[in-house]
Amino acid sequence: MKMTFRWYGPTDPVSLESIRQIPGITGVVTALYTIPVGEVWDLDSILKLRDMVNAAGLEMEVIESVPVHEEIKLGSDKRDALIDNYIQTIRNLGKAGVKVICYNFMPVFDWVRSELKYKTADGSNCLAYDQRTIDGLNPKKQTLSLPGWDESYTKEELDALLARYESVDENKLFDNMVYFLKKIIPVCEECDVKMAVHPDDPPWSLFGLPRIITGEAGIDKLFAAVDSKYNGITLCTGSLGASRDNDLVKMAGKYAAMDRVHFLHARNIKFEKTDDGRLFFNESPHPTEFGSLDIYGILKALADNGFEGYTRPDHGRNIWGEDGKPGYGLYDRALGATYLYGVWEGIKKTK
Ligand code: CS2
Ligand code: MN
């Protein structure tokens, strides 16, 4: 396992120096955040970023994310030019020594939560998801005020985009994803850069938009449609684990044995009891005991099936008075990293 840490670039309040001081961390996972979605990431900018990371004693072998333009997900006639740009970005990243690209194929919205600072009993705060709040939101009828939603679209632009997705169902979205992958995977093979799709978070349809990377069936179908090791997944435990239909220990073992897990996001979530039985979860500390997911079991299944890939602690809470970027403060993710390191050491030494 290669332990990494997400870093949001030079403006991240968490410095490379701090990251370097976390035991076991050898690299950061980052991106060029200022390049508009769809444009080529030029080699110079990539190398500058890599050199900055390397100068701090860390590697930059994983990118999260190179975002996929909505025109590609929609399958419009603009997609070929945008896929050509994506291909050029892959080539440039390969030249800079990048080995894995994490991306997602969720229409319009990335991860969705109802709260960014849910207060927990010990005084820390974390991200949370309450189905009741989400059910009360309708982006077609109201101006969406969704925590974490970056409002990069105006209301009119969002309306227009949502209207275009009305003719895109799960099957169409899947076909568009396969079209994209069939074009890029041969280049990935040539450049030795692996694609690792991040599962949909949460793994079900939201606001009427289709979502397809939600569990075993979708992932199996994706692997069958584009049968290359370079077409792999980011195993994000907190994303897939939000659906109780997903058996994460089984999936971890199965996909590691297929050599298709290129990146691990280790995050625990805790389902809370609600008066009316609706879904509510918050993002708990990483160790198994504090959440609803068997983080140990997942790591064991990965180890037993030969996983040695890139890993990072996903989302941490805000603790010790830190007021960090939601999910991405320093302290709790650092605790998560040392927990993962320790569990992994234990598994390896008792094999
Ligand atoms: C991340 C995702 O913060 C997170 O939950 O795991 O936002 C992830 O970066 C993207 O979905 C990957 O494209
Ligand atoms: Mn994740």
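## Surroundings of Arg-211 and the barrel architecture

Arg-211 touches Met-106, Asp-200, Pro-203, Trp-204, Ser-205 and Leu-206, leaving aside residues up to four places away in sequence. The model is predicted. Arg-211 sits in the loop that joins strand 7 (194–198) to helix 8 (216–225). Arg-211 has 21 other C-beta atoms within 10 Å. It therefore passes the cut-off of 20 and counts as buried. Ser-228 is 17 residues from Arg-211 along the chain, and 22 Å separates their C-alpha atoms.

Two further features mark this loop. Pro-202 belongs to the loop between strand 7 and helix 8, and the peptide bond leading to Pro-202 from Asp-201 is cis, with omega near 0°. Phe-207 lies in the loop between strand 7 and helix 8 as well. Its phi is positive, near 50°, although Phe-207 is not a glycine. Phe-207 has 17 other C-beta atoms within 10 Å and is partly exposed.

Turning to the whole chain, the secondary structure comprises twelve helices and twelve strands. The radius of gyration is 19 Å, close to the 20 Å given by the globule rule for 351 residues, so the chain is as compact as a globular protein of that length. The C-alpha trace spans about 50 × 50 × 40 Å along its principal axes. Of the 351 residues, 42% are buried. Among contacts with a separation of 6 or more, 72% join residues 24 or more positions apart.

Eight strands form a closed barrel in the order 1-2-3-4-7-8-9-12, with parallel pairing. On average, neighbouring strands of this sheet are turned by 30° against each other, direction ignored. Strand 2 (residues 27–30) pairs with strand 3 (residues 59–64) in the parallel sense over three bridges. Here Gly-27 stands opposite Glu-59 of strand 3. Strands 7 and 8 also pair in the parallel sense, over three bridges. Val-197 faces Ile-233 of strand 8 in register. Six of the six residues of strand 8 (residues 231–236) are buried, so this strand is largely enclosed by the rest of the structure.

Ligand 1 is surrounded by 13 residues, of which Ser-65, Asn-104, Asp-110, Trp-111 and His-198 are the closest. Strand 4 (residues 100–104) supplies the largest share of this shell, three residues. By class, the shell holds four nonpolar, five polar and four charged residues. Ser-65, one of the closest residues, is placed in the loop between strand 3 and helix 3 (70–74). The peptide bond from Glu-64 to Ser-65 is cis, with omega near -10°.

Helix 11 (residues 295–304) is largely enclosed by the rest of the structure, because seven of its ten residues are buried. These are Ile-295, Ile-298, Leu-299, Lys-300, Ala-301, Leu-302 and Ala-303. They pack against three helices and two strands: helix 9 (237–240), helix 10 (248–257), helix 12 (331–349), strand 9 (261–266) and strand 10 (268–271). Gly-306 follows helix 11 and has a positive phi, near 85°.

A positive phi also occurs at Trp-320, about 55°, although this residue is not a glycine. Trp-320 is placed in the loop between strand 12 (310–313) and helix 12. With 12 C-beta neighbours inside 10 Å, Trp-320 counts as exposed.

Technical notes
Residues are numbered from 1 along each chain as its sequence is written. Chains are lettered from A and ligands numbered from 1 in the order in which they are written. This is a predicted model: local features need pLDDT of at least 70, side-chain atom pairs count only at pLDDT 80 or more; totals for chains, interfaces and linings use all residues. Helices (H or I, at least four residues) and strands (E, at least two) are DSSP runs, numbered from the N terminus. The radius of gyration is taken over C-alpha atoms; the globule rule is 2.2 Å times the number of residues to the power 0.38. Two residues are in contact if their C-beta atoms, placed from the backbone, lie within 7 Å. A residue is near a molecule or strand if its C-beta atom, placed from the backbone, lies within 6 Å of it. Ala, Val, Leu, Ile, Met, Phe, Trp, Tyr, Cys and Pro count as nonpolar, Asp, Glu, Lys and Arg as charged, and the others, Gly among them, as polar. Two strands pair if DSSP finds at least two bridges between them. Axes are lines fitted to C-alpha atoms, for helices over the stretch in contact, and angles run from 0 to 180 degrees between N-to-C directions.
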